[in-house]
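Me: Please take a close look at the largest nonpolar core of this model. I would like to know which parts of the chain build it and what lies around it.

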Amino acid sequence: MSVRNLYRYSHTIGFYGLGGRGFNNPVDVAIRRDGMLYVLNRAGTEIDVRMGYKRVSMCTLAEEYHGDFSSGGTGDGQIMWPVAMALDAEENIYISDEALQRISIFDKQGTFLARWGRQGSGDGEFDRPAGLAFDHEQNLLVVDSCNNRIQKYTKDGTFLSAWGKSGQGPGELNLPWGLALDQAGNVYVADWRNDRIQKFDATGHYLASWGTSGQGAGEFNRPSSVAVDQEGNIYVADWGNERVQLLAPDGNVRAILRGEAGVSKWGESYFISNQDELAERQKADLEPPLELPPTEAARYESASIEKLFWGPVAVKLDAQDRLYVVESCRHRIQIYEKN
């Protein structure tokens, strides 16, 4: 089925920027009920001047910039290698940090509230926490990536339960990354190293899985994020294949997105005084890709053709089922609206 029958490209948010109006290697987005977007900028992993570029940007769907908060570091309210965000019912912001092995909490204005977590493999401990999501009881589910499990906490960090173990069999995990819940409270996990999406009930009981390693429809190469809409359709950031796949509730592929980005408003402001760079961008989008083996073609095209996804690390849906695709390597978010 053509993706145009399901979704249409709306616009692009973002542009490369070290601060202010721009993103720096964004890895996730969280969407407030009033439409405010929180964009998590991981920036570089080096401990140098780029520490100041690690931050959470605040903007709207119309690209109105509303400031930022947090910075690189190890202190309260700081982040080092942030991975994901989730909002609770009060729209406080929870951020996982795989370097600091903790969850940090901010209010909706970005004021630091609390943090919790420590490194380890016991109950309530982390080894590179990643994806986050709140369940219907407002408990926080955390992907404990290197411990190959999902942990459940109260909002204040009290450990409740954990499930999952290392392996390749049904219900087993190998470096899981992202997760999401459906309307019934079932949990979908992007099983990164196993190249599949797994579905569990609210207690962690295995229900189903979809995907194998590869580049074909329904195959994955290191899926990093998953989202589920109100009808049960599944959206997967097929990170290594530089694309997003849309699956029906039964796992059948409905569509594949490769990216259609235009220039964002922030980008237009920059190109007014940099027309030569705009011309090169437009030229790149028209040049045909080189003849490459299938295993290399997608990555080459994404790196060379500006409109395509490059590093699609996260997928999110808002209340209108608009799809947000976060591209780390092009420092932007592509927005798609449902037909």
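Reply: What follows describes that core first, then two loop residues, and then a separate sheet.

The model is a predicted one. Its largest nonpolar core has 27 residues, and those that touch the most other members are Tyr 38, Met 85, Ile 93, Ile 95 and Ile 333. Eight strands each supply at least two residues of this core: strand 2, strand 3 (37-41), strand 4 (55-59), strand 6, strand 7, strand 22 (312-317), strand 23 (323-327) and strand 24 (332-338). Strand 3 gives the largest share, four residues.

Ile 333 can be followed further through its contacts. Setting aside neighbours within four places in sequence, Ile 333 is in contact with His 11, Thr 12, Ile 13, Phe 23, Val 29, Val 39, Tyr 324, Val 325 and Val 326. Apart from this core lies another, of 25 residues, including Ala 130, Leu 140, Trp 163 and Leu 179.

Two of the loops that lead into core-supplying strands hold a residue with an unusual backbone angle. Most residues other than glycine have a negative phi. Glu 91, however, has a positive phi near 65°. The residue sits in the loop that joins strand 6 (82-87) to strand 7 (93-97), and both of these strands are among the suppliers of the core. Glu 91 is buried, because its relative accessible area of 5% is under the 20% limit.

Asn 25 is the other case, with a positive phi of about 50° although it is not a glycine. Its loop runs between strand 1 (7-13) and strand 2 (26-31), and strand 2 is again one of the strands that supply the core. Asn 25 has a relative accessible area of 24% and is therefore partly exposed, whereas Glu 91 is buried.

A further part of the chain forms an open sheet of four strands, in the order 14-15-16-17, with antiparallel pairing. Strand 14 (179-181) and strand 17 (206-210) are the edges; each has a single partner strand, so one side of each has no neighbour in the sheet. From one strand to the next the twist averages 20°. Strand 14 pairs with strand 15 (residues 187-191) in the antiparallel sense over three bridges. Within that pairing, Leu 181 has Val 187 of strand 15 as its bridge partner. Strand 14 begins at residue 179, and Leu 179 is among the members of the 25-residue core.

Methods
Residues are numbered from 1 along each chain as its sequence is written. This is a predicted model: local features need pLDDT of at least 70, side-chain atom pairs count only at pLDDT 80 or more; totals for chains, interfaces and linings use all residues. Side-chain values use heavy atoms; hydrogens and water are left out. Buried means under 20% relative accessible area, exposed over 50%, partly exposed in between (1.4 Å probe, protein chains only). A nonpolar core is a set of buried Ala, Val, Leu, Ile, Met, Phe, Trp, Tyr and Cys residues joined through side-chain atoms within 4.5 Å. Contact means heavy atoms within 4.5 Å. Two strands pair if DSSP finds at least two bridges between them. Axes are lines fitted to C-alpha atoms, for helices over the stretch in contact, and angles run from 0 to 180 degrees between N-to-C directions.
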